[in-house]
Amino acid sequence: FFGPVQAASRSMMARLAPKDVEAEMFGLYALSGKIIAFAGPVALAVVTDIFESQRAGMATIVVFFVVGIIIMWGVQEPERGRTTVKPPL
């Protein structure tokens, strides 16, 4: 079920990124995805090892979700304007 989430996040990123720095914003977007792909399993392994409990390790997922919600809480999506599509010639 994360396929639609990924597609929606890319679409939102395209709407939020200023026109002159789109490449930089998508680069940061890709970098953050790579960091989380590494940090998530490391956090899970460290917490599982410290508490000697897989349940505690899986709780790190909740922490990542909460941090993500807090970060996204202040993001305001720009108003959608009407766009006109030119018919093909």
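Here are legends for a set of close-up views of this predicted model.

**Figure 1. The whole chain is built from three helices and zero strands.** Let us begin with the overall picture: along the sequence, the elements follow the pattern α-α-α. Helix α1 covers residues 2–16, helix α2 covers residues 22–51, and helix α3 covers residues 54–73. Of the 89 residues in the protein, 7% count as buried. The accessible surface comes to about 8,000 Å², and carbon and sulfur atoms account for 69% of that area. Looking at contacts between residues at least 6 apart in sequence, 38% join residues at least 24 apart.

**Figure 2. Confidence in the prediction varies among the helices.** The mean pLDDT of the protein is 86, and 87% of its residues reach 70 or more. Which element has the highest mean pLDDT, and which the lowest? Helix α2 has the highest, at 94, while α1 has the lowest, at 84.

**Figure 3. A nonpolar patch lies on the surface.** Welcome to the outside of the protein, where L16, V63, V67, I71, M72 and V75 make up this patch. Together these residues have about 490 Å² of accessible area. Helix α3 gives the most to the patch, with four residues. Another member of the patch, L16, is found in helix α1. L16 has a relative accessibility of 31%, so this residue counts as partly exposed.

**Figure 4. E22 and K19 form a salt bridge.** The structure holds one such bridge, so this view is worth a pause: how far apart are the closest N and O atoms of E22 and K19? They are 3.8 Å apart, and a salt bridge calls for a separation within 4 Å. The two partners differ in their exposure class, since K19 is exposed at 69% relative accessibility, whereas E22 is partly exposed at 30%. E22 sits in helix α2. Leaving aside neighbours within four places in sequence, E22 is in contact with A14 and A17.

**Figure 5. F26 and Y29 make an edge-to-face aromatic pair.** A search of the whole structure finds one aromatic pair. Why is the pair of F26 and Y29 called edge-to-face? The ring centres of F26 and Y29 are 6.3 Å apart and the ring planes stand at 75°; planes over 60 degrees apart count as edge-to-face. Both residues belong to helix α2, where they are three residues apart and so separated by about one helical turn. F26 counts as partly exposed, with 31% relative accessibility. Y29 is also partly exposed, with a value of 27%.

**Figure 6. T60 is a buried residue of helix α3.** We finish with a view of a covered position. Is T60 buried or exposed? The relative accessible area of T60 is 9%, so this threonine counts as buried, the cut-off being under 20%. Which residues does T60 contact, leaving aside its neighbours within four places in sequence? T60 is in contact with A43, L44 and V47. For orientation, T60 has its place in helix α3, the helix that also gives four residues to the nonpolar patch of Figure 3.

Definitions and conventions:
Residues numbered from 1 in each chain as written. Predicted model: local features only at pLDDT ≥ 70, side-chain atom pairs only at ≥ 80, totals over all residues. Heavy atoms only, no water. Patch = residues over 30% accessible without salt bridge, like charges linked within 9 Å, V, L, I, M, F, W, Y side chains within 5 Å. Areas by Shrake-Rupley, 256 points an atom, 1.4 Å probe, with all protein chains shown as cover. Salt bridge = Lys/Arg side-chain N within 4 Å of Asp/Glu carboxyl O. Helix = DSSP H or I, 4+ residues; strand = E, 2+ residues; numbered from the N terminus. Buried < 20%, exposed > 50% of the residue type's maximum accessible area, 1.4 Å probe, protein only. Contact = heavy atoms within 4.5 Å. pLDDT = per-residue confidence, 0-100. Phe/Tyr/Trp six-rings, centres within 6.5 Å; stacked < 30°, edge-to-face > 60°.
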